[in-house]
Amino acid sequence: MKTSALGRIALAAGVAALTAGALPATAHADDSKVERKTLPVMVEFSDASFQDADAVKAGTPDTYFGTGKDSLASFFTEVSRGQYTTVPAVEEGVVGPVTLPMTAAGCDHNRINTLTREALAAQGLVMGEDYESLSVIFPAQKTGCAWAGLGSVPGPYTWINLYGTAGGLGVLGHEFGHNLGLGHQGRSMCTDGDLVDCTSNGTSAKSLMGGGGPAAGFSAPEMIRAGWLSGSEAVKVDASGTYTLRSLHGAGEGTRALDIPMGEDRLVVEYRHAAGTLDGAIEGVHAYRVPKGAYGSSSLIDMTEANKTLANDAATDADAITAVTDTASKVSVAVVSSGGGKATVKVSLDGEKLTSGPSAGKTTDANPAPAPAPEHTGSDTDAGDGAVDATEVRSGGSAPAEDTTDLAATGGGSNTAPLAATGTLLVAAGAGALVMMRRRRRA
Ligand SMILES: [Zn+2]
């Protein structure tokens, strides 16, 4: 994996290297904890102010750094198992409100960012020295922004288009997930059992980046992208064999994911089970396609008709796999057993077509069909891996030409993220937040 933009920024700014790729594969949580110095800044416009600025100011430190389970810091501490969290860049936890010399209309997020950093510099607060992550919070009423939140992928910037007095974790955690290099996580329907002709359909619901809400945390490929699974926790499978998985989230030791070569792509397999505040509504073994090694752009491989989402009452294991075979790359995975916090999975890399259950692997396809041409069913083009040169944003001036309206209009299900003329990729908040926002706008 090439050096991420975030990595380049970290080096340029002389601060410790952060997140993806920075953590040694065998690192223990205690000696590799990243404390991301984060600066929430309340900004107002020449023609628009917060309806209750005092309440926003009073609540923001808790929202970002509090010890309550709904804070951004608590979320990251739990999902990273103590390897990553946000910490306040200033003693008060928040700066502002600062009035920017611009009107609200037009949702010019680039100008908002530039003017905010200028205002901070005037106060002696410098990016890369005093803070590593900048989260600009502004009143939504007149901006016309088509999103509730926006985040650079990866990068140090988030924008919160705030209705009310506090950004919810569903928006905040999602945007900060983009900052870690994560795109949106889609769902590939492969209901005929073959991975070569899947169709893209909505979001995975297995991640905060895929419409699953904060309680889904992140999926295994995203945890790999973030650098939060060690080499013994995310095992690179290079030979056929049988593996025991512990649940992806929660304390304890053991293998949490299988990272399997599948042609030019990777197949990542995880076992999900309730742990702490995470995965109360997700159970079973799930599989993801990682297109060309871009772990931040994976999509769920869904072989069932009953799509489990946050909004429906489908079974918690409705999207779990029993067996997956990709004839093109001769990869086959079958679940031997799953439940109670543990799963046993058999993997074949030599063309043997496995079937699920206690006899997994005993049945072979005696007359396999000719291998079809590989097809990339991973529809996610977020390309969060190194696609962004966030230094363009840092230098300011050059307004990203991207239009987030299309993305927002189709909700989190759209995996086509706008790529700015400057090379800066910005992705709006997920479907839930956007739906919520539209409802409020109609009200
Ligand atoms: Zn997003």
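Strand β7 (residues 186–189) of this predicted model is covered on both faces. Gly-186 and Ser-188 are buried on one side, and Arg-187 and Met-189 are buried on the other. As for neighbours, β7 runs antiparallel to strand β8 (residues 199–203), with three bridges holding the pair together. One of the matched positions puts Gly-186 across from Thr-203 of β8. β7 also pairs with β14, this time in the parallel sense and over four bridges. Here Met-189 sits opposite Asp-302 of β14.

Two of the β7 residues turn up again around Asn-307. This asparagine belongs to the loop between β14 (299–302) and β15 (323–326). Leaving aside residues up to four places away in sequence, Asn-307 touches Arg-187 and Met-189, along with Asn-201, Asp-302, Asn-312, Ala-314 and Asp-319. So is Asn-307 buried or exposed? The relative accessibility comes out at 19%, and the cut-off for buried is under 20%, so Asn-307 counts as buried.

On the far side of that loop, β15 joins another piece of β-structure. An open sheet is built from four strands in the order β10-β17-β16-β15, with antiparallel pairing. Its edges are β10 (241–246) and β15, each of which pairs on one side only. On average, and with direction ignored, neighbouring strands in this sheet are turned by 15 degrees against each other. Looking at the β15 edge, four bridges connect β15 to β16 (residues 331–339), and the two run antiparallel. Asp-326 of this pair stands opposite Val-331 in β16. The loop between β15 and β16 holds Lys-330, whose phi is near 60 degrees, a positive value in a residue other than glycine.

Lys-330 has company in the positive-phi department. Lys-292, in the loop between β13 (284–290) and β14, has a phi of about 50 degrees although it is not a glycine. Lys-292 is exposed, with a relative accessible area of 54%. Arg-81, which comes just after helix α3, also takes a positive phi, of about 55 degrees.

Helix α3 itself (residues 72–79) is mostly covered, with six of its eight residues buried. The buried set is made up of Leu-72, Ala-73, Ser-74, Phe-75, Phe-76 and Val-79. What do these residues pack against? Their partners include helices on the one hand, namely α2 (53–65), α5 (169–179) and α6 (220–226), and strand β2 (84–88) on the other. As for the geometry of such a helix, an α-helix has 3.6 residues a turn, so residues three or four places apart point the same way.

The backbone also has a couple of cis peptide bonds worth a look. One of them runs from Gly-96 to Pro-97, with omega near 5 degrees. Pro-97 lies in a strand, β3 (residues 95–99). Another cis bond joins Val-153 and Pro-154, with omega at about -15 degrees. Pro-154 is found in a loop, the one between β5 (149–152) and β6 (157–162).

Stepping back to the whole chain, the protein has nine helices and 18 strands. Of its 443 residues, 57% count as buried. Contacts between residues at least 6 apart in sequence reach far along the chain: 65% of them join residues at least 24 apart. The protein exposes about 16,800 Å², and carbon and sulfur atoms supply 51% of that area.

Finally, a word on confidence. The average pLDDT is 79, and 74% of the residues score at least 70. Residues 362–424 are another matter, since pLDDT stays under 50 there. For this stretch the model still has 147 contacts beyond four places in sequence. The pLDDT is also below 50 over residues 429–443, which have 33 contacts in the model beyond near neighbours in sequence. Where pLDDT is low, the predicted coordinates should not be read in detail.

Methods. Residues numbered from 1 in each chain as written. Predicted model: local features only at pLDDT ≥ 70, side-chain atom pairs only at ≥ 80, totals over all residues. Heavy atoms only, no water. Buried < 20%, exposed > 50% of the residue type's maximum accessible area, 1.4 Å probe, protein only. Contact = heavy atoms within 4.5 Å. Areas by Shrake-Rupley, 256 points an atom, 1.4 Å probe, with all protein chains shown as cover. Pairing = 2+ DSSP bridges. Axes fitted to C-alpha atoms, helices over the stretch in contact; angles between N-to-C directions. pLDDT = per-residue confidence, 0-100.
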